[in-house]
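Hi,

Thanks for offering to take a look at this one. I am passing the structure on to you here, and my notes follow below it.

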Amino acid sequence: GCAIMKSIFNKMDLPAPPIIWGEICMCFDYDFDIKFVDNIMGIQQNEAVRKSDTMFNTTIGDNNPGYWSYKTDRSCTFESETIIDEISNILTKHQDKFMEVCYKYNPSDFFVRIWVGVREEGEYPVIEFDKKVINILSTMGIRVDIVLYNEY
């Protein structure tokens, strides 16, 4: 009986870190073959859908925008540094290609989204963008969204 009691008392009650990942997304309000964006970018997107293949939106009386999206891997952590670094590196390394897509295809929306799956109430990650990253986002006119959702 003592061994069981001892293991209960020694168990560390650590908070569950959230699941976080990042996404770089460009949306397009008109229909064209999204493979043209792939050809310019030269990096593997996770999802790309042309406007004519998106759902019809009755509110606007048209299909939702088409989009090109790159997503990072998911991490269980309180630190967002790795994900922000990955996004920053992609934006820096491929800045000219993103700018070319913007020039040729004029995305209606261009954003970086940080997804946070909260696994325990009140346990949120630290999300910091350094000046270099903020400059890149600002120069390229990229909006930042942080989306919290419950994973519990």
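To start with a single residue: is Gly22 buried or exposed? Before the answer, please keep in mind that this is a predicted model. Gly22 is buried, because its relative accessible area is 0%, and buried means under 20%. You will find Gly22 in strand 1. Setting aside neighbours within four places in sequence, Gly22 is in contact with Tyr70, Lys71, Thr72, Ile83, Ile87, Arg113 and Ile114. Asn57 is another matter: 35 residues separate Gly22 from Asn57 along the chain, and their C-alpha atoms are 26 Å apart.

Strand 1 is also a good way into the strand pairing. Strand 1 (residues 19-28) pairs with strand 7 in the antiparallel sense, over nine bridges. If you want one place to check this, Glu23 stands opposite Arg113 in strand 7. Strand 7 has a further partner in strand 8 (residues 143-150); these two run parallel and are joined by eight bridges. Here you can look at Gly117, whose bridge partner in strand 8 is Tyr149. Strand 7 itself (residues 109-118) is mostly covered, with eight of its 10 residues buried.

Next, the helices. Which way does helix 3 lie with respect to helix 4? The axes of helix 3 and helix 4 (residues 95-105) come within 4 Å and cross at roughly 70°. The two helices are therefore roughly perpendicular to each other. On the helix 3 side, the residues that meet helix 4 are Ile90, Leu91, Thr92 and Lys93, and they face Gln95, Asp96 and Phe98 in helix 4. Sorted by class, this contact has three nonpolar, two polar and two charged residues.

Helix 3 (residues 81-93) also comes up against helix 5 (residues 131-139): their axes come within 10 Å and cross at roughly 45°. That angle makes helix 3 oblique to helix 5. The crossing is left-handed. Ile84, Ser88, Leu91 and Thr92 in helix 3 meet Lys132, Val133, Ile136 and Leu137 in helix 5. By class, there are five nonpolar, two polar and one charged residues in this contact. Leu91 and Thr92 are worth selecting in your viewer, as they appear in the contact with helix 5 and also in the contact with helix 4.

Two more residues for your list. Glu47 is in strand 2 (residues 47-49), and with a relative accessibility of 31% it counts as partly exposed. Not counting residues up to four places away in sequence, Glu47 touches Tyr67, Trp68, Ser69 and Lys71. Lys71 is therefore a residue to look at twice, because Gly22, which is buried, has Lys71 among its contacts too. The C-alpha atoms of Glu47 and Cys25 are separated by 9.3 Å, with the two positions 22 residues apart along the chain.The other residue is Asn106, in the loop between helix 4 and strand 7. What is its phi? Most residues other than glycine have a negative phi. Asn106 has a positive phi of about 40°, although it is not a glycine. Asn106 counts as exposed, at 57% relative accessibility.

Happy browsing, and all the best!

Key. Residues are numbered from 1 along each chain as its sequence is written. This is a predicted model: local features need pLDDT of at least 70, side-chain atom pairs count only at pLDDT 80 or more; totals for chains, interfaces and linings use all residues. Side-chain values use heavy atoms; hydrogens and water are left out. Axes are lines fitted to C-alpha atoms, for helices over the stretch in contact, and angles run from 0 to 180 degrees between N-to-C directions. Angles under 35 degrees count as roughly parallel, over 145 as roughly antiparallel, 65 to 115 as roughly perpendicular and the rest as oblique. A crossing is left-handed if the near helix is turned anticlockwise from the far one by less than a right angle, and right-handed if clockwise. Contact means heavy atoms within 4.5 Å. Ala, Val, Leu, Ile, Met, Phe, Trp, Tyr, Cys and Pro count as nonpolar, Asp, Glu, Lys and Arg as charged, and the others, Gly among them, as polar. Buried means under 20% relative accessible area, exposed over 50%, partly exposed in between (1.4 Å probe, protein chains only). Two strands pair if DSSP finds at least two bridges between them.
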